[in-house]
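Here are some notes for a colleague who is about to look through this model. They are set out as numbered points, each on one topic.

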Amino acid sequence: MIDIQIQTLKETDLTRFCALTGSYPLQPEQILLHSPDRLVSINDSGKLLARASLWWRETATYREKRLGYIGHFAVKHDHGAAAIALLRACEEQLSSQKCGMAVGPIDGSTWRHYRLLTERGGDPAFFLEPDNPDAWPHYFESSGFTPIAHYYSSINDDIHRFEYPTVRETELTQQGITLQPIDTHNLDQEMRTIYTMSCEAFASNFLYTPISESEFLYNYQQLLSLLDYNLIHIARHHNHPIGFCFCLPDIKQRERGKQLDTMIIKTIAVIPDYQGMGVGSLLIGKSLDTAKRWGLSRAIHAMMHEDNRSRLINRTQMRDFRQYTLYGKVL
């Protein structure tokens, strides 16, 4: 017998809630950190078939509508009816909180996991790329959700052959702008600096809402042992941080028994007062030069919004190989 449970954090068995396989491994401490307003689960004879978390406080607005978010989404294999029931229950809850639109999947903020993989292509998954069963987009679409944004991962298959459009480094140096690798002897402060720049650079991004510095640091602390710090650069103007390029090797290649030859450009950010000067392109170029010296030959630009300036400018050098979609439904 289908049972719909709508609970608060205190009422929910978080270990059981996380046991269902999602697009990434979800841990109870992550749920606590994300602080959803409600947790929704679909059960049959005590067995968990589908789950999601809901947020309606401090969410973004879209087309003048207050948004409610559906995240931590997961459905047991071949249980489409449970998925539809889950989304319907989520809609009803968000509507009761006077949300004008439901958006998902999004774990409460675009700083966290969001979007569904909707066009898989033939290239293998890369490090930190979430995955989901191909049926999941169908569940959203069958429930009346439609795309509100598309995202793409693109790849430069030969970074030795193509040159990114950059201004000459000397031109920016004359203006007091310099690039340096991240200071590994002062890593905690460098990560705090990156957090501050991210908040300023991304404030006008689609559906942006802030997260705490402590959550940002928690997320990146999980990666520290896997990073190649030579691939992370910070731009400074007279020692004031103005931008950064956060890259890392695609270690999934090694997991597949392949030679590591690919760098992932995860995040590129320049604070507003310095955008349009070529700082971002120079940061990417510096990371690519480093990658070449370390024997890498390819670069993935990970999960860019369809209107991302870097993607539009560099279309001749990159090919889109994966598409992701964020869905919305007017309530």
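1. A salt bridge is taken here as a side-chain nitrogen of Lys or Arg lying within 4 Å of a carboxyl oxygen of Asp or Glu. By that criterion D134 forms a salt bridge with R120, the closest N and O atoms being 2.8 Å apart. Both partners sit in the loop between β7 and α4, 14 residues apart, and the pair is counted as linking distant parts of the chain. D134 is exposed because its relative accessibility is 56%, while R120, at 30%, counts as partly exposed. Please bear in mind throughout that this is a predicted model.

2. How many salt bridges does a search of the whole structure find? The search returns 14, and one of them joins R57 to D37, with the closest N and O atoms 2.4 Å apart. This pair links distant parts of the chain, since R57 belongs to the loop between β3 (47-55) and β4 whereas D37 belongs to the loop between α2 (28-34) and β2 (38-44), 20 residues apart. The two ends are placed in opposite classes: R57 is exposed, with a relative accessible area of 51%, but D37 is buried, at 10% relative accessibility. As a general remark, side chains of opposite charge can pair when their charged atoms come close.

3. A further salt bridge, between D123 and R319, has its closest N and O atoms 3.0 Å apart. It links distant parts of the chain, with D123 in the loop between β7 and α4 and R319 in strand β14, 196 residues apart. D123 counts as partly exposed because its relative accessibility is 22%, and R319 is likewise partly exposed, with a relative accessible area of 33%. Salt bridges that share partners join D123, D157, D261, R298 and R319 into one network.

4. Turning to the interior, the largest nonpolar core holds 70 residues, of which V103, I194, L207, M263 and L326 touch the most other members. Helix α6 (residues 187-201) gives the most to this core, contributing 7 residues. Apart from it lies another core, of 29 residues, whose members include L54, V75, A83 and A102. In soluble globular proteins, nonpolar side chains tend to be buried together.

5. Which residues does L207 touch, once those up to four places away in sequence are set aside? Its contacts are A60, T61, Y62, L67, Y69, V103, T110, I148 and L326. V103 and L326 in that list are also among the core members that touch the most others.

6. In helix α4 (residues 135-142), the residues W136, P137, Y139 and F140 are buried. Seen down the axis of α4, these buried residues fall within an arc of 155°, so they line one face of the helix. The cover over them includes β5, α3, β6, β7 and β14 (319-330). After α4 comes G144, which has a positive phi, near 95°.

7. Is Q93, which is found in helix α3 (residues 80-96), buried or exposed? It counts as buried because its relative accessibility is 18%, and the cut-off for that class is under 20%. Leaving out residues up to four places away in sequence, Q93 touches I6, R38, L54 and W56. L54 in that set is also one of the members of the 29-residue core.

8. At the surface, I2, I4 and I6 make a nonpolar patch of about 240 Å². I4 lies in strand β1 (residues 2-7) and, at 42% relative accessibility, counts as partly exposed.

9. Some backbone details deserve a look. A cis peptide bond joins G104 and P105, with omega about -10°, and P105 is found in the loop between β6 (101-104) and β7 (116-119). R63 has a positive phi of about 50° although it is not a glycine; R63 lies in the loop between β4 (61-62) and β5 (65-75) and is exposed, with a relative accessible area of 68%. N239, also not a glycine, has a positive phi of about 70°. N239 is in the loop between β10 (232-237) and β11 (240-249), and counts as exposed because its relative accessibility is 67%.

Terms used:
Residues are numbered from 1 along each chain as its sequence is written. This is a predicted model: local features need pLDDT of at least 70, side-chain atom pairs count only at pLDDT 80 or more; totals for chains, interfaces and linings use all residues. Side-chain values use heavy atoms; hydrogens and water are left out. A nonpolar core is a set of buried Ala, Val, Leu, Ile, Met, Phe, Trp, Tyr and Cys residues joined through side-chain atoms within 4.5 Å. Buried means under 20% relative accessible area, exposed over 50%, partly exposed in between (1.4 Å probe, protein chains only). Helices (H or I, at least four residues) and strands (E, at least two) are DSSP runs, numbered from the N terminus. Contact means heavy atoms within 4.5 Å. Patches are made of residues with over 30% relative accessible area and no salt bridge: like charges are joined within 9 Å, nonpolar side chains (Val, Leu, Ile, Met, Phe, Trp, Tyr) within 5 Å. Accessible areas come from the Shrake-Rupley method with a 1.4 Å probe; for residues, only the protein chains shown count as cover. The arc is that of the directions from the helix axis to the C-beta atoms.
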